Amino acid sequence: MLVRYKGWHEPIGTFLANTPAIIKTNIYEVPPLPEWHKDRMVLVGDAAHAMSPSAGQGASVALEDALYLVKLLRQFSGEFESVFAEFERARRPRAERISAWAHKNEVRQKGELGPFGCWLRDRMLSTVLPLFGARSLDWMYSYRVDWNEPIRGQGDRTGSLMPGATAA
């Protein structure tokens, strides 16, 4: 690893030099869970939607989950199960889309292109990515939790998730 990353900026060399052993492990993908919540329990982050690390988005999506869940809990009172169902309904499509993108990215990173294709890809990324890549990934990187935007339940115009719920 020291030879491979020789000349890279610090602290990469120091980090590698002080690493006692580098262990290569397999990556296992977890199929989507049928549901993320039950009664007064809800899963967030990797517990709900583990994804390949090749997108580098696992921690970010977990933080998004946490922020969105806090927003829901802050805005609504009532049965937790209804809040958790709304959380899953709102967050599942995004998490699954990022997970699918991560899977495709992992396949690309494994080198299905062959040695020459990987070499060419690695040389072209610095030119092509700034021109096209950044905009094409806006759906993933531009996500924001808007604390002031009310959350509305499906088909509900009052902003309530459940009968009798009130905004907190």
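## Nonpolar core

The largest nonpolar core comprises 20 residues, and Leu72 and Phe87 have the most contacts inside it. Helices H3 (58–75) and H4 each supply at least two residues of this core. Helix H4 gives the most, with seven residues. The model described here is a predicted one.

In soluble globular proteins, nonpolar side chains tend to be buried together.

## Salt bridges between helices H3 and H4

Six salt bridges are found in a search of the whole structure. One of them joins the side chains of Glu64 and Arg94, with an N to O distance of 2.7 Å. This pair links distant parts of the chain, since Glu64 belongs to helix H3 and Arg94 to helix H4, 30 residues apart. Glu64 counts as buried because its relative accessibility is 10%, under the 20% limit for that class. Arg94 is likewise buried, with a relative accessible area of 12%.

A salt bridge also connects Arg91 with Asp65, and the closest N and O atoms of this pair are 2.7 Å apart. Here too distant parts of the chain are linked: Arg91 lies in helix H4 and Asp65 in helix H3, 26 residues apart. Both Arg91 and Asp65 are buried.

## A salt bridge within helix H4, and the wider network

The side chains of Arg92 and Glu88 meet in a salt bridge, at 2.6 Å from N to O. Both residues are located in helix H4, four residues apart, which is about one turn of the helix. Arg92 is buried, at a relative accessible area of 15%. Glu88 is buried as well, with 9% relative accessibility. Through salt bridges that share partners, Glu64, Asp65, Arg91 and Arg94 are joined into one network.

Glu88 can also be placed relative to Leu69: the C-alpha atoms of these two residues are separated by 9.4 Å, and the residues are 19 apart along the chain.

## Negative surface patch

Glu35, Asp39, Glu79 and Glu81 form a negative patch on the surface. Among them, Glu81 is found in helix H4, which spans residues 80–109. Helix H4 is also the helix that gives the most residues to the largest nonpolar core. The relative accessible area of Glu81 is 39%, so this residue is partly exposed. The same helix holds Glu88, but that residue is buried, with a relative accessible area of 9%.

## Nonpolar surface patch

A nonpolar patch on the surface is made up of Phe116, Trp119, Leu120 and Met124, which together have about 420 Å² of accessible area. One of these residues, Leu120, has its place in helix H5, covering residues 114–136. Leu120 is partly exposed because its relative accessible area is 36%, a value between the 20% and 50% limits that bound this class.

## Summary of the arrangement

Helix H4 recurs throughout this description. Seven of its residues enter the largest nonpolar core. Arg94 and Arg91 in this helix are paired with Glu64 and Asp65 respectively. Within helix H4, Arg92 and Glu88 are partners in a salt bridge. Glu81, from the same helix, takes part in the negative surface patch with Glu35, Asp39 and Glu79. The nonpolar surface patch includes Leu120, a residue of helix H5.

Terms used
Residues are numbered from 1 along each chain as its sequence is written. This is a predicted model: local features need pLDDT of at least 70, side-chain atom pairs count only at pLDDT 80 or more; totals for chains, interfaces and linings use all residues. Side-chain values use heavy atoms; hydrogens and water are left out. Patches are made of residues with over 30% relative accessible area and no salt bridge: like charges are joined within 9 Å, nonpolar side chains (Val, Leu, Ile, Met, Phe, Trp, Tyr) within 5 Å. Accessible areas come from the Shrake-Rupley method with a 1.4 Å probe; for residues, only the protein chains shown count as cover. A salt bridge is a side-chain nitrogen of Lys or Arg within 4 Å of a carboxyl oxygen of Asp or Glu. Lys and Arg count as positive and Asp and Glu as negative; His and the chain ends are not counted. The place of a charge is taken as NZ of Lys, CZ of Arg, CG of Asp or CD of Glu. Buried means under 20% relative accessible area, exposed over 50%, partly exposed in between (1.4 Å probe, protein chains only). A nonpolar core is a set of buried Ala, Val, Leu, Ile, Met, Phe, Trp, Tyr and Cys residues joined through side-chain atoms within 4.5 Å.
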